[in-house]
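User: I'd like to practise reading a strand in its sheet. Can you walk me through one?

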Amino acid sequence: MKEQIVSMENVSIHFGSTKALKDVSFQIYKGEIFGFLGPSGAGKTTTIKLLTKQLKQDQGSIHIFGKEITDLGDALYDHIGVLSDNSGMYEKMSVYDNLKIFADLKKIPHEQIENILKKTRLWDDRKKKARDLSRGMKQRLLFSRTILHKPDILFLDEPTSALDPATSEAVYDIITELKKDGTTIFLTTHNMYEADLLCDRVAFLHEGSIVECDKPDILKLKHSVNEVVILSDTGKEYYTKRDKQSIWKTMQEMDGDVARIASVEPDLKTIFLDLTGRNL
């Protein structure tokens with residue numbers, strides 16, 4: 001049986017007259033990457049703040065490591081890591097010294113700094129001042145600090161926002177390695193490619209409510225259209241209805257021989273648009 005690490009049950013929170021989250025429920029299991037997907041303003045960052053005790057819900061329950069979050073003291077922060085837009089660094093200090101300060105506060109052996117900087121590909125730049133780093137390198141430095149104490153749960157709030165594709169891919173590699181090491185990851189993003197690539201399960205958040213939650217492949221099958229694509233050995237694609245008569249008729253009329261027949265499945269972005277009527 002899978003071990004449940006994080007759960008929300010019927011959680012709601014208001015800011016004045018605005019209901020930011022409405023009866024939100026989900027579970028996250030040990031070692032999985034759980035994607036929390038939605039546009040800006042949907043409630044993703046609010047959810048992370050609730051899960052990390054920066055905010056308190058108006059109703060519902062939150063459990064971390066099987067315990068009610070209100071019963072967890074500051075020791076919780078020894079077991080979690082949080083990367084967000086509010087994460088900062090000491091610009092006038094070197095990459096290494098940025099981590100050394102944090103390591104000393106947490107009583108982490110300094111050899112762990114080398115291990116982490118090699119994992120995030122910053123070891124060769126350890127003597128550089130943070131202010132001299134590229135945006136992508138700064139993000140990897142923040143990542144390094146977030147995982148320096150080997151957290152059991154990692155909360156990542158839009159970790160590749162505004163990064164170029166090459167830097168984003170480097171961050172994806174780090175996230176994948178952390179998952180292999182057994183880290184449980186809660187990932188908020190509006191990037192559906194990122195979610196499809198990394199996440200074991202995803203939840204779609206729209207105006208403070210979860211409108212769908214499952215594995216990406218299952219969601220694609222669930223929302224697939226009644227259509228197939230036939231690929232000929234000439235490289236042409238032929239779309240037709242998913243029934244024997246239509247498929248046979250298309251095969252007779254197409255150029256070349258059949259190379260492959262596949263179902264037509266929507267991507268996560270299309271599914272979100274169909275469910276909410278809103279683009280990301």
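Analyst: Sure. Start with a single pair: Leu156 has Leu187 in β8 as its bridge partner. Keep in mind that this is a predicted model. From β7 the chain passes through helix α5 (residues 165–180) into β8, a right-handed β-α-β crossover.

User: Which way do β7 and β8 run relative to each other, parallel or antiparallel?

Analyst: Parallel: β7 (residues 153–157) pairs with β8 over 5 bridges.

User: And what stands opposite Leu187 in the pairing with β3?

Analyst: That's Gly35. Strand β3 (residues 33–37) also pairs with β8 in the parallel sense, over 5 bridges. So when you look at Leu187, you find Leu156 as a bridge partner and Gly35 opposite as well, which is worth checking on screen.

User: How should I read the side chains along a strand?

Analyst: In a regular strand they alternate between the two faces of the sheet. For β8, one side carries Thr184, Phe186 and Thr188, and the other carries Ile185, Leu187 and Thr189.

User: Are those two faces of β8 covered or open?

Analyst: Both are covered, with every one of those residues buried. Put as a count, 6 of the 6 residues in β8 (residues 184–189) are buried. For the protein chain, buried residues make up 46% of the 280.

User: What about the wider fold: how many helices and strands are there?

Analyst: The protein chain has 9 helices and 13 strands. Among its contacts with a separation of 6 or more, 63% come from residues 24 or more positions apart.

Definitions and conventions
Residues are numbered from 1 along each chain as its sequence is written. This is a predicted model: local features need pLDDT of at least 70, side-chain atom pairs count only at pLDDT 80 or more; totals for chains, interfaces and linings use all residues. Side-chain values use heavy atoms; hydrogens and water are left out. Helices (H or I, at least four residues) and strands (E, at least two) are DSSP runs, numbered from the N terminus. Buried means under 20% relative accessible area, exposed over 50%, partly exposed in between (1.4 Å probe, protein chains only). Contact means heavy atoms within 4.5 Å. Two strands pair if DSSP finds at least two bridges between them. A crossover is right-handed if, with the strands pointing away from the viewer, the path from the first strand over the helix to the second runs clockwise.
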